[in-house]
Amino acid sequence: GGSLKDRLSELIPQKQEEIKKFRSEHGGDVVGNVTLDQMYGGARGIRSLVWEGSVLDPSEGIRFRGYSIPECQKLLPSSPNGKQPLPESLFWLLVTGEIPTLSQVQSLSAEWAARSQLPKFVEELIDRCPPSLHPMAQFSLAITALEHDSAFAKAYEHGLSKHDYWKYTYEDCMDLIAKTVPIAGRIYRNIYRDGIVAPIQLDKDHSYNFANVLGFANNSEFVELMRLYLSLHSDHEGGNVSAHTGHLVGSALSSPFLSMAASLNGLAGPLHGLANQEVLSFLNTMKEEIGDDLSDERIKGYLWDLLKSGRVVPGYGHAVLRKTDPRYTAQREFAQEYLPKDPMFQLVSRLYEVVPSVLTEHGKTKNPFPNVDSHSGILLQYYGLKEQNFYTVLFGVSRTLGVASQLIWDRALGFPIERPKSFSTEALKKLVNAK
Ligand code: AMX
């Protein structure tokens, strides 16, 4: 069938019509209420966002356009020489709600490879960053600089009709996704290797090229890991910090580059995407301290010391999830297949047996089970991508798929600028007393 943009042109009027009808029939319906505790408590659970790509169930985990992770692994096209879903196919699903054919997916691979060229000044900008600047800061800086060639910003400046917003947003999103790969590769090669970045291969898929710019494409298992990784981290409904930030900034009609840079800055926080880096430091320090003694007593003792010092167990807990994250499970299955004997995998598996009971006894967290970040680091370590400070960049390359797909729909559906109401404590007291 036709291109993704052609398919979108068909789907957009249908969706606009569907929402128009839905709102005319139910626009005044009440879908929730808000307590004071929710206002002071990080807006947890407040129903206030529309997000088309995925919905998170507290016990079952994420569904992308209605499909669970195992269903995606089964239904989405994979590489002819692999079995993990191609992230291109997940992007197609996020954008259209439809399972693409292999040829549609291959057309996306080719298009992203073709759009991957970086402006010279962006390369120079990355090259001038000191290696001591965190990779996520470099990543966000480079994505911001892509604003230079934003089709949306240019067209807007020249007077753009609202009906055409999505078309330019789409073009920018495709460029954005394509360029995350050489940007991430350049940052990695500059900081940790020889500064030489392999060129993008026009006949290869997104994940192969990603592995290749990092310097790991000679290992086909690593390429498969990237396909899984980039698919799993792409989208986790709309309220998490990176997704919500991208959507919020986009609502001001800032281009996809500015929106995604903002999103990445949120992803770079230790309670969000940086947790994958934190997990590795946690595992390494723990390994140093307890050595080969993986007994319950030794692990529990270590965990209690950590908790008593007022720190969190990174990789455990979640704002919405209340069971083991299926993204954790998918990575665990990968490890069971490819690296069952790896000592770090065994440590992670032991923690899975011990941490939930300790956190339950600790009695604070609403979810004592592991999240996505608890597992990703040790897989990367196994294949030699050992520099944990870089891990959140991988998350960001993936998260770009989810944020971009929603940005296209935000503009297609004419979503307005976001502006929730805030109150001072003073004003809230009056509001509550007035009742
Ligand atoms: N270890 C120790 N304490 C934890 C904990 C953990 N893993 N998870 C939650 N808690 C504590 C909280 O700090 C909070 O303590 P407080 O009452 O003293 O402030 C209490 O339990 C209640 O928190 P919650 O409602 O269960 O979680 P939340 O929605 O406020 O926060 C999250 C969610 C993920 C930030 C939190 O679980 C956490 O800090 N986990 C560790 C960091 C992590 O793994 N982050 C990655 C999440 C996934 C992602 O975004 N990439």
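Is aspartate 205 buried or exposed? In this predicted model, in which local features need pLDDT of at least 70, side-chain atom pairs count only at pLDDT 80 or more, and totals for chains, interfaces and linings use all residues, aspartate 205 is buried, with a relative accessible area of 11%, where buried stands for under 20% relative accessible area, exposed for over 50% and partly exposed for values in between, computed with a 1.4 Å probe and the protein chains only. Residues are numbered from 1 along each chain as its sequence is written, and side-chain values use heavy atoms, with hydrogens and water left out.

Aspartate 205 takes part in a salt bridge with arginine 227, the N to O separation of the two side chains being 2.7 Å; a salt bridge is taken here as a side-chain nitrogen of Lys or Arg within 4 Å of a carboxyl oxygen of Asp or Glu. Because arginine 227 lies in helix α11 (residues 220–232) and aspartate 205 in the loop between α9 (165–192) and α10 (206–214), the pair ties together parts that are 22 residues apart in sequence; helices (H or I, at least four residues) and strands (E, at least two) are DSSP runs numbered from the N terminus. Arginine 227 is likewise buried, at a relative accessible area of 4%. Salt bridges with shared partners also join Lys5, Glu111, Arg115, Glu171 and Asp175 into one network.

In total, the structure holds 23 salt bridges. In general, side chains of opposite charge can pair when their charged atoms come close. Glutamate 52 pairs in this way with lysine 15, with 3.7 Å between the closest N and O atoms, and this salt bridge links distant parts of the chain, since glutamate 52 belongs to the loop between α2 (36–40) and β1 (54–57) and lysine 15 to helix α1 (residues 4–26), 37 residues apart. Both glutamate 52 and lysine 15 are buried. A further salt bridge, at 3.2 Å from N to O, is formed by the side chains of arginine 63 and glutamate 71. Here arginine 63 is partly exposed, with a relative accessible area of 25%, and glutamate 71 is partly exposed as well, with a value of 32%.

The ligand is surrounded by 20 residues, of which His272, Gly315, Lys364, Lys366 and Asp373 come nearest, a residue being counted as near if one of its heavy atoms lies within 4 Å of the molecule or strand concerned. This shell divides into 10 nonpolar, six polar and four charged residues, with Ala, Val, Leu, Ile, Met, Phe, Trp, Tyr, Cys and Pro counted as nonpolar, Asp, Glu, Lys and Arg as charged, and the others, Gly among them, as polar. Polar contacts are pairs of N or O atoms within 3.5 Å; within protein, one atom must be able to donate a hydrogen and the other to accept it, and residues adjacent in sequence count only if both atoms are side-chain atoms. A ligand nitrogen lies 2.5 Å from an N or O atom in the side chain of aspartate 373, while ligand oxygen is found 2.7 Å from such an atom of lysine 364 and 3.1 Å from one of arginine 44. The protein covers 75% of the 900 Å² of accessible area that the ligand has on its own, accessible areas being derived by the Shrake-Rupley method with a 1.4 Å probe and, for residues, with only the protein chains shown as cover.

In helix α9, aspartate 172 is buried, with a relative accessible area of 0%. Threonine 180 also lies in helix α9 and is buried at 1%, and its side chain reaches the backbone oxygen of isoleucine 177 at 2.6 Å.

Two loop residues are notable for their backbone angles. Most residues other than glycine have a negative phi. Alanine 43, in the loop between α2 and β1, has instead a positive phi near 60 degrees, and counts as partly exposed at 43% relative accessibility. Glutamate 237, located in the loop between α11 and α12 (241–250), has a positive phi of about 50 degrees although it is not a glycine.
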